[in-house]
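Q: I've got a model open and I'd like to learn how to read it. Can we go through it together?
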Amino acid sequence: MTDEEAMRLALAEAELAPPHGDVPVGAVVLSPAGEVLGRGHNDREGSGDPTAHAEVLALRAAAAVLGSWRLTTCTLVVTLEPCTMCGGAIVLSRVARLVYGAADPKAGAAGSLFDVVRDRRLNSRPEVVAGVLAEPAAALLRAFFKAHRAGR
């Protein structure tokens, strides 16, 4: 599966978040063969869980499938650059690759504001591929926030 194909899966996952009032971010975890091991979309509002970010939920699901927290051969594909919490989860789960769509200059932890995932002081650093289908990912976020502001 190409990074673009995987990002399309993550974008489809992101579209599941807004009906619950969550920011439309979606993520998938892939095996080296391209098999989807875990999926997630933001669910903080729906679950009341402040850690229910798309990345964390997808990593948890993949770990359950593999029966291990070590995701050393996996790729995480997410529509928005991970925040510091998710960056920490990526490092701690030892994901091999991170692919993301839209950059997050306000909270991104994969190069925009911070670079948690590539910090040389940490014991695990995934390969990072940025900007895959960035415009569709950003457009989904812009539409959500425009509607959110209009509803105030």
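Q: Let's take helix α4, residues 84-93. Which of its residues are buried?
A: A general idea to begin with: an α-helix has 3.6 residues a turn, so residues three or four places apart point the same way. Keep in mind that this is a predicted model. In α4 the buried residues are Cys 86, Gly 87, Ile 90, Val 91 and Ser 93.

Q: What do the buried residues of α4 pack against?
A: Their partners are helix α3 (54-66) and the strands β3 (75-80) and β4 (97-102).

Q: And what happens just after α4?
A: Look at the backbone there. Most residues other than glycine have a negative phi, and most peptide bonds are trans. Arg 94, just after α4, goes the other way with a positive phi of about 60°. Arg 94 sits in the loop that links α4 to β4, and at 27% relative accessibility it counts as partly exposed.

Q: Which other residue has a positive phi although it is not a glycine?
A: Try Leu 133, where phi is about 50°. You'll find Leu 133 in the loop between β5 (127-130) and α5 (134-150). Buried or exposed? Leu 133 is buried, because its relative accessible area is 17% and the cut-off for buried is under 20%.

Q: How do I read a pair of strands, say β1 and β2?
A: Start with the side chains: in a regular strand they alternate between the two faces of the sheet. Then check the direction of pairing. Here β1 (residues 26-30) and β2 (residues 36-41) run antiparallel to each other, joined over five bridges. To pick out one of those links, find Val 29, whose bridge partner in β2 is Gly 38. The hairpin has five residues between the strands, and among them Gly 34 has a positive phi near 90°.

Q: Where is His 53, and what does it touch?
A: His 53 is in the loop between α2 (44-47) and α3. With a relative accessible area of 14%, His 53 is buried. Leaving out residues up to four places away in sequence, His 53 touches Asn 42, Arg 44, Cys 83, Met 85 and Cys 86. You've met Cys 86 already, as one of the buried residues of α4.

Q: What is Arg 97 in contact with?
A: Arg 97 belongs to strand β4. Setting aside neighbours within four places in sequence, Arg 97 contacts Asp 3, Cys 74, Thr 75, Leu 76, Pro 126, Glu 127 and Val 129. For a sense of distance, compare Lys 146: it is 49 residues from Arg 97 along the chain, and their C-alpha atoms are 32 Å apart.

Q: Now zoom out. In what order do the elements of the chain run?
A: You have five helices and five strands, and from the N terminus on they go α-β-β-α-α-β-α-β-β-α. The radius of gyration is 14 Å, close to the 15 Å that the globule rule gives for 152 residues, so the chain is as compact as a globular protein of that length. Along its principal axes, the C-alpha trace spans about 45 × 30 × 30 Å.

Q: How much of the chain is buried, and what does its surface look like?
A: Buried residues account for 46% of the 152. The chain exposes about 7500 Å², with carbon and sulfur atoms supplying 55% of that. As for charge, there are 16 positive and 17 negative ones, and their mean positions lie 5 Å apart.

Terms used: Residues numbered from 1 in each chain as written. Predicted model: local features only at pLDDT ≥ 70, side-chain atom pairs only at ≥ 80, totals over all residues. Heavy atoms only, no water. Helix = DSSP H or I, 4+ residues; strand = E, 2+ residues; numbered from the N terminus. Rg over C-alpha atoms; globule rule 2.2 N^0.38 Å. Buried < 20%, exposed > 50% of the residue type's maximum accessible area, 1.4 Å probe, protein only. Areas by Shrake-Rupley, 256 points an atom, 1.4 Å probe, with all protein chains shown as cover. Lys, Arg positive; Asp, Glu negative; His and termini not counted. Charge placed at Lys NZ, Arg CZ, Asp CG, Glu CD. Pairing = 2+ DSSP bridges. Contact = heavy atoms within 4.5 Å.
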